[in-house]
Amino acid sequence: MSIVTIATIPERRPDTVYPFRVPPALFFGAGAVELMGGESKRLGVARALVVTDPGVAKAGIAGHVRELLEVAGVTTGLYDQVETEPSVASVERAVAAAQSGSYDVIVGVGGGSALDTAKGVSLRSVNAGPIQRYFGVELVPKTGLPTILVPTTAGTGSEITPNAIFDDTERKVKAGVVSHRLFAQVAVVDPDLTLGVPPQVTAASGIDALTHAIESYIAVRATPHTDLYALDAIRLIAANLRTVVARGSDRAARYGQALGSFYAGISITNAGTGLCHAMAYPLGSAYHVPHGMSNALLLPAVLEYNMVADLPKMARIAEAMGEPVEGLSDRDAAQLGVDAVRQLCKDVGVPAGLRDAGVPEDALEGFVEGALSAQRLITNNPRVPTADAVLRIYRESY
Ligand SMILES: [Fe+2]
């Protein structure tokens, strides 16, 4: 068996028409952030609101982005109070900051929380609140201010996706706005910006990216295009994640990990995610387990469950992760893949289970309904999950 991606085509009906969408301008590479000024000139913008979180502001990255914009003649303002796992109310505070100046571009700098908040500010610049009314797929009527998105972690893929995930603290659910109107005008992925990310965040966001790659690869909506990106994302993340967690200053490994995350973002934009993400959201909403960590805690058991739905693809995942699959049946190779994911999670310090993340055991049953209500993700999962199966996976992950 070898990774010949053309071999994925016969699995699709030849008369299936599928889309492939990405933001109009993507830049990747060490030093890419230096292009900010030129790109803002190209967009013809004059006043930028930089949206970031306190940590990224303190690290000086948001300040550097502002300097680059100012040198290019763009006046900048700063909103640096982005919450992790942003609540709907926190997005409204950022919207209020944006309304206090006549900005014509929103520049998101940070992890997924900052980039999603920037998308929320853009959405609300022309669409009335509350933001909850746009939860769902393609429910946003008007395109808001353009965004330039600059990730400082390698994992969420938010700079590429048309999704923004918010915590509706009143209804206690995390839900997503998915709309082509949320695509960034420009995404700038500079791996050097991730050099200072601490090991725990590097690990959680890295496993989030791996989850994106794997879930989109085996997704119902996977296409020959997304298979290319997903499989190479798995290869890059498996090859680099341990190194970037162990030695964050390794520029080559940070480059490989950021490229893997970037590819995984392209893949989920077009193929979506599945059961692992659906099961992760209730944990984030109820117990504030960070998104990447929620996925990391659930991924091995979810894959074990999903494995039988697509043994050939699961076998290719094992090969992409560098496992010795030569001569093995798809079933045996697929199991090696699941084991390799479990080992990778362990090696980068993911806690043994949900118990260690502070989730009480009697809460598990209450998560099932929330997980199954994420229909956008559930219907995209290769195996149709029952409530019993979902509860079993939560328990296995405990
Ligand atoms: Fe994710």
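## Strand β8 and its partners

In this predicted model, Gly136 sits across from Val177 of β8. The strands behind that match-up are β5 (residues 136-137) and β8, which pair in the parallel sense through two bridges. Val177 in β8 also has Ala164 standing opposite. That second match-up goes with strand β7 (residues 163-168), which runs antiparallel to β8 and is joined to it by six bridges.

β7 and β8 make a hairpin, with four residues between them. If you're checking backbone torsions, look at Lys172 in the turn: its phi is positive, at about 55°. As for the surroundings, strand β8 (residues 173-178) has five of its six residues buried, so the rest of the structure largely encloses it.

## The iron site

Which protein atoms are the donors of the iron ion? They are OD of Asp208 plus NE2 of His212, His277 and His291, at 2.1 to 2.3 Å from the ion. The angles subtended by the four donor atoms range from 86 to 170°, which makes the arrangement irregular. For a tetrahedral label, all angles would have to lie between 85 and 135 degrees.

Along the sequence, the spacing of the donor residues reads D-x3-H-x64-H-x13-H. His212 belongs to helix α6 (residues 199-217) and His277 to helix α9 (residues 275-287), so this pair ties together parts 65 residues apart in sequence. Both His212 and His277 are buried.

## Asn295, next to the donors

Asn295 is part of helix α10 (residues 291-306). Is Asn295 buried or exposed? With 0% relative accessibility, Asn295 counts as buried.

Setting aside neighbours within four places in sequence, Asn295 is in contact with Asp208, Thr211, Cys276, His277 and Ala280. Two names there should ring a bell: Asp208 and His277 are among the donors of the iron ion.

## Arg124 at the end of α5

Now for a charged residue elsewhere in the chain. Arg124 is found in helix α5, which spans residues 112-124. Its relative accessible area is 13%, and the cut-off for buried is under 20%, so Arg124 counts as buried.

What does the side chain of Arg124 pair up with in a polar contact of 2.9 Å? The partner is the side chain of Glu92. Leaving out residues up to four places away in sequence, Arg124 touches Val95, Gly129 and Ile131 as well as Glu92.

Methods:
Residues are numbered from 1 along each chain as its sequence is written. This is a predicted model: local features need pLDDT of at least 70, side-chain atom pairs count only at pLDDT 80 or more; totals for chains, interfaces and linings use all residues. Side-chain values use heavy atoms; hydrogens and water are left out. Buried means under 20% relative accessible area, exposed over 50%, partly exposed in between (1.4 Å probe, protein chains only). Contact means heavy atoms within 4.5 Å. Donors are N, O and S atoms within 2.8 Å of the metal (3.2 Å for Na, K and Ca); water is not among the atoms, so sites may look incomplete. Four donors count as tetrahedral if all angles lie between 85 and 135 degrees; four count as square planar and six as octahedral if opposite donors are over 155 degrees apart and all others between 65 and 115; anything else is irregular. Two strands pair if DSSP finds at least two bridges between them. A polar contact is a pair of N or O atoms within 3.5 Å; within protein, one must be able to donate a hydrogen and the other to accept it, and residues adjacent in sequence count only if both atoms are side-chain atoms.
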